[in-house]
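I open my notebook with the structure beside me and write down what I looked up, one entry at a time.

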Amino acid sequence: MDGQDMCQEGWFGPCCQKQNIALRRSSSQSSTLTNFPNLYGAALGVDGRATTNVYSSPRTCAHTKKETNPTWTVNLNTSVPEKIQHIRLYLRDDLQERSNGMEILVGSQMCYNWSSTEHPPPIANVTCRQPLTGTTVTIRIPGQLKYLTLCEVQIFVCSNGWFSKDCDKYCRCLNSTDVCDKISGHCSSGCFPGYHGTDCQTGCPDGSYGSNCSFQCGNCLSGVSCDKTNGTCPGGCAAGWQSDTTCLQACPDGSYGINCSSRCGNCLDGVSCDKALGTCPGGCAAGWMNDGTCLQQKCSGWGIPVTAVLGVLLICTVTGGTIYIRRYS
């Protein structure tokens with residue numbers, strides 16, 4: 001199922017992205033079997049009726065007389081010369097040996113040929129040995145006393161934005177106005193963010209993102225990989241990193257944890273705590289318990305926090321002084 005039924009005539013594929021640029025183009029041949037072009041004229045080779053039955057009615061195959069080096073040519077009349085590599089031939093399904101030694105040329109360049117003892121099948125999907133640029137395609141059979149019969153010639157190119165043999169791969173170019181090479185997928189502007197490779201089809205490896213995967217992901221929560229297009233962390237940042245979309249900026253001094261929402265404790269010499277865990281690297285300042293975060297005050301000898309003891313002593317001192325003053329006043 002190639003989507004042809006839902007496409008305009010001459011277009012193929014699920015998105016109608018593959019075009020037969022030979023359809024109803026101007027064509028010519030070195031001779032015609034009869035004096036009636038409507039029966040075997042050159043135009044019947046690109047009339048859109050694909051068959052291998054040379055006797056079909058109405059006639060739909062181009063056919064030369066028996067002659068030396070019979071030749072058929074289609075002028076593609078495209079606005080710019082196309083890079084051509086994929087051609088499909090519909091030939092007669094009888095007398096196949098008449099096609100021995102067939103040659104296909106793009107312009108004057110050889111696309112493909114068979115030896116003098118070989119012939120293409122009745123339906124031949126031909127791939128040129130290399131992509132060739134030209135505005136004409138010529139098919140010929142070299143030698144004396146030869147016939148050339150072509151029931152349909154289809155020459156396929158991809159529409160802008162698609163490439164590959166079947167035009168089933170979408171271009172992923174950095175610049176939206178860049179049209180990738182329709183054979184290789186190469187983008188002159190480089191690859192769209194999140195992709196790399198000569199055809200820009202390979203996704204960035206985990207841990208990298210951006211155009212040609214040239215940027216490293218930040219510190220995402222749970223170690224997941226960032227979005228390969230823009231570098232954002234889908235679940236937010238790991239503990240110790242600010243939620244600035246890419247999670248590349250550490251928490252400010254004095255804060256730690258998820259979204260830097262926790263405050264550091266009382267670390268020795270006033271240094272900042274570990275920004276992921278909140279621990280004090282050198283221990284706690286004097287008077288604070290070394291419980292990891294240095295947020296708990298140490299206790300007195302009676303198991304009471306020092307500050308509480310000091311508070312009690314202060315109250316006792318004030319109260320005692322008050323009593324003394326009243327007694328002797």
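**Entry 1, a disulfide and its handedness.** I looked up the torsion about the S-S bond of Cys158 and Cys167 in this predicted model, and since that torsion is about -90°, the disulfide is left-handed. The sulfur atoms of Cys158 and Cys167 lie 2.1 Å apart, and I reminded myself that a disulfide is a covalent bond between the sulfur atoms of two cysteines. I then asked whether Cys158 is buried or exposed. Cys158 has a relative accessibility of 4%, and because buried means under 20%, Cys158 counts as buried. Its partner Cys167 is buried as well, with a relative accessible area of 2%.

**Entry 2, further disulfides.** How many disulfides does a search of the whole structure find? The search finds 15, and I followed up some of them here. Cys171 and Cys180 form a disulfide whose sulfur atoms are 1.9 Å apart, and with -45° about the S-S bond this link is left-handed. Cys171 has a relative accessible area of 9% and is buried, while Cys180 is buried with a value of 3%.

I turned next to Cys173, which a disulfide joins to Cys187, with 2.1 Å from S to S. The torsion about the S-S bond of Cys173 and Cys187 is about -75°, so I noted this disulfide as left-handed. Cys173 and Cys187 are 14 residues apart, and each of them sits in the loop between β14 (169-170) and β15 (195-196). For burial, I wrote down 8% relative accessibility for Cys173, which counts as buried, and 4% for Cys187, which also counts as buried.

**Entry 3, a cysteine without a bond.** Why does Cys15 not form a bond with the closest cysteine sulfur? I found that this closest sulfur belongs to Cys16 and is 7.5 Å from the sulfur of Cys15, which is too far for a bond, because a disulfide needs the two sulfur atoms within 2.5 Å. Cys15 itself counts as partly exposed, at 49% relative accessibility.

**Entry 4, the sheet.** I traced an open sheet formed by 5 strands, in the order β3-β5-β10-β7-β8, and noted that the pairing is antiparallel. Which strands stand at the edges? They are β3 (26-29) and β8 (109-113), and because each has a single partner strand, one side of each is left without a neighbour in the sheet. From one strand to the next, the twist averages 20°. I also recalled that strands of a sheet pair through backbone hydrogen bonds, either parallel or antiparallel.

Looking at one pairing in detail, I counted 4 bridges that join β3 to β5 (residues 71-75), and these two strands run antiparallel. Gln29 stands opposite Trp72 in β5.

**Entry 5, a histidine in a loop.** Where is His119 found? I located His119 in the loop between β8 and β9 (123-134), and with a relative accessible area of 32% His119 is partly exposed. Leaving out residues up to four places away in sequence, I listed what His119 touches: Gln96, Glu97, Ser99, Asn100 and Trp114. I also looked up Glu103, which is 16 residues from His119 along the chain, and found that the C-alpha atoms of His119 and Glu103 are separated by 10.0 Å.

Technical notes:
Residues are numbered from 1 along each chain as its sequence is written. This is a predicted model: local features need pLDDT of at least 70, side-chain atom pairs count only at pLDDT 80 or more; totals for chains, interfaces and linings use all residues. Side-chain values use heavy atoms; hydrogens and water are left out. Two strands pair if DSSP finds at least two bridges between them. Axes are lines fitted to C-alpha atoms, for helices over the stretch in contact, and angles run from 0 to 180 degrees between N-to-C directions. Buried means under 20% relative accessible area, exposed over 50%, partly exposed in between (1.4 Å probe, protein chains only). Contact means heavy atoms within 4.5 Å.
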